[in-house]
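Reader: I've got the sequence and the 3D view open side by side. Mind if I fire some questions at you about how this thing is packed?

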Amino acid sequence: MRRGEEFAQLVHRILVSGGQDSVRTIAAKMGLSYEVLYARISNRTPFSADEIRDLLRAVSDPRIVSYLLEGTPYVAAERLPGTLHGREDSIWKAAHRVVFEAADVLEAIEAALKDERIDNRDATAIRAEIEAAERVLLGLREYLRQLDGSTRKP
């Protein structure tokens, strides 16, 4: 594969079939022209590091970050929205989301085991649900770490 081709294919798939904003809208959010972004997602020109960062800001799809971190010891964590004010509500919602995401993992496993075996497609679906649960759990942990740091007295 040419340099960046797999990444470009992933981003193209996300932008064109993802049902989010149009490629034109994403390009504008990134500060690029439609033509420049299209050259990137068709792999005529590779993305720069700054463009990837801008892409992550413009497109809220965790598959992009997961691709970039694949094969490393790192995992992505979602940042909880808001500030540390009203934190009880944010923590409550985040904790519930962790439970819902874990339930999604169980549902994926249950669906996979209906035929008493897990094939590659099932394993991919289960991994995707686990990754979503990890991101939410890590986001909650990071939020609590920030909260702990904000309540400590110097």
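Reader: What covers the buried residues of α3?
Author: This is a predicted model, so take every value here as computed from it. In α3, the buried residues are Leu37, Ala39, Arg40 and Ile41. The cover over them includes α1, α2 and α4.

Reader: Which residue with a positive phi follows α3?
Author: Most residues other than glycine have a negative phi, so a positive one is worth a look. Here phi is near 65° in a residue that isn't glycine, and that residue sits in the loop between α3 and α4. The one that follows α3 is Asn43.

Reader: Is Asn43 buried or exposed?
Author: Asn43 is in the loop between α3 and α4. The cut-off for buried is under 20% relative accessible area. Asn43 comes out at 7%, so the call is buried.

Reader: And Glu116, is that one buried or exposed?
Author: Glu116 has a positive phi of about 65° too, although it's not a glycine. You'll find Glu116 in the loop between α6 and α7 (120-151). Exposed means over 50%. With 73% relative accessibility, Glu116 therefore counts as exposed.

Reader: How are α2 and α4 oriented to each other?
Author: Two packed helices are described by the angle and the distance between their axes. For α2 (residues 23-30) and α4 (residues 49-58), the axes come within 9 Å and cross at roughly 120°. Roughly perpendicular stops at 115 degrees and roughly antiparallel starts over 145. The crossing falls between those two classes, so α2 and α4 are oblique.

Reader: What handedness does the crossing of α2 and α4 have?
Author: The angle alone, roughly 120°, is one part of the description of α2 and α4. The handedness of their crossing is right-handed.

Reader: Which residues make the contact, and how do they divide into nonpolar, polar and charged?
Author: On the α2 side you have Ile26, Lys29 and Met30, and on the α4 side Glu51, Asp54, Leu55 and Ala58. Lys, Glu and Asp count as charged, while Ile, Met, Leu and Ala count as nonpolar. That division gives four nonpolar, no polar and three charged.

Reader: Leu55 is in that list. What is its relative accessibility?
Author: Leu55 lies in helix α4. Its neighbours, leaving out residues up to four places away in sequence, are Phe7, Val11, Ile26, Met30, Phe47 and Ile64. Leu55 counts as buried, because its relative accessibility is 0%.

Reader: What separates the C-alpha atoms of Leu55 and Met30?
Author: Leu55 and Met30 touch each other, and both belong to the contact of α2 with α4. They are 25 residues apart along the chain. Their C-alpha atoms are separated by 6.3 Å.

Reader: On to the rings. What kind of aromatic pair do Phe7 and Phe47 form?
Author: A pair of rings is described by the distance of the centres and the angle of the planes. For Phe7 and Phe47 that's 5.3 Å centre to centre and 80° between the planes. Planes over 60 degrees apart put a pair in one class. So for Phe7 and Phe47 the class is edge-to-face.

Reader: Where do Phe7 and Phe47 lie, and how many residues apart are they?
Author: Phe7 is in helix α1 (residues 5-17), and Phe47 is in the loop between α3 (34-41) and α4. Phe7 is buried at 5% relative accessible area, and Phe47 is buried at 10%. The pair links distant parts of the chain, 40 residues apart.

Reader: What about Phe7 and Tyr67, which kind of pair is that?
Author: Tyr67 is in helix α5 (residues 62-69), so its pair with Phe7 of α1 ties together parts that are 60 residues apart in sequence. Tyr67 counts as partly exposed, at 26% relative accessibility. The centres are 5.6 Å apart with 40° between the planes, making the pair tilted.

Reader: Which residues form the aromatic cluster?
Author: The structure holds three aromatic pairs. Phe7 pairs with Phe47 and also with Tyr67. The cluster is Phe7, Phe47 and Tyr67.

Reader: Last one: is Glu101 buried or exposed?
Author: Glu101 lies in helix α6 (residues 87-112). Beyond residues up to four places away in sequence, it touches Glu129, Ala132, Ala133 and Val136. With a relative accessible area of 13%, Glu101 is buried.

Conventions:
Residues numbered from 1 in each chain as written. Predicted model: local features only at pLDDT ≥ 70, side-chain atom pairs only at ≥ 80, totals over all residues. Heavy atoms only, no water. Axes fitted to C-alpha atoms, helices over the stretch in contact; angles between N-to-C directions. Helix = DSSP H or I, 4+ residues; strand = E, 2+ residues; numbered from the N terminus. Parallel < 35°, antiparallel > 145°, perpendicular 65-115°, else oblique. Left-handed = near helix turned anticlockwise from the far one by under 90°. Contact = heavy atoms within 4.5 Å. Phe/Tyr/Trp six-rings, centres within 6.5 Å; stacked < 30°, edge-to-face > 60°. Buried < 20%, exposed > 50% of the residue type's maximum accessible area, 1.4 Å probe, protein only.
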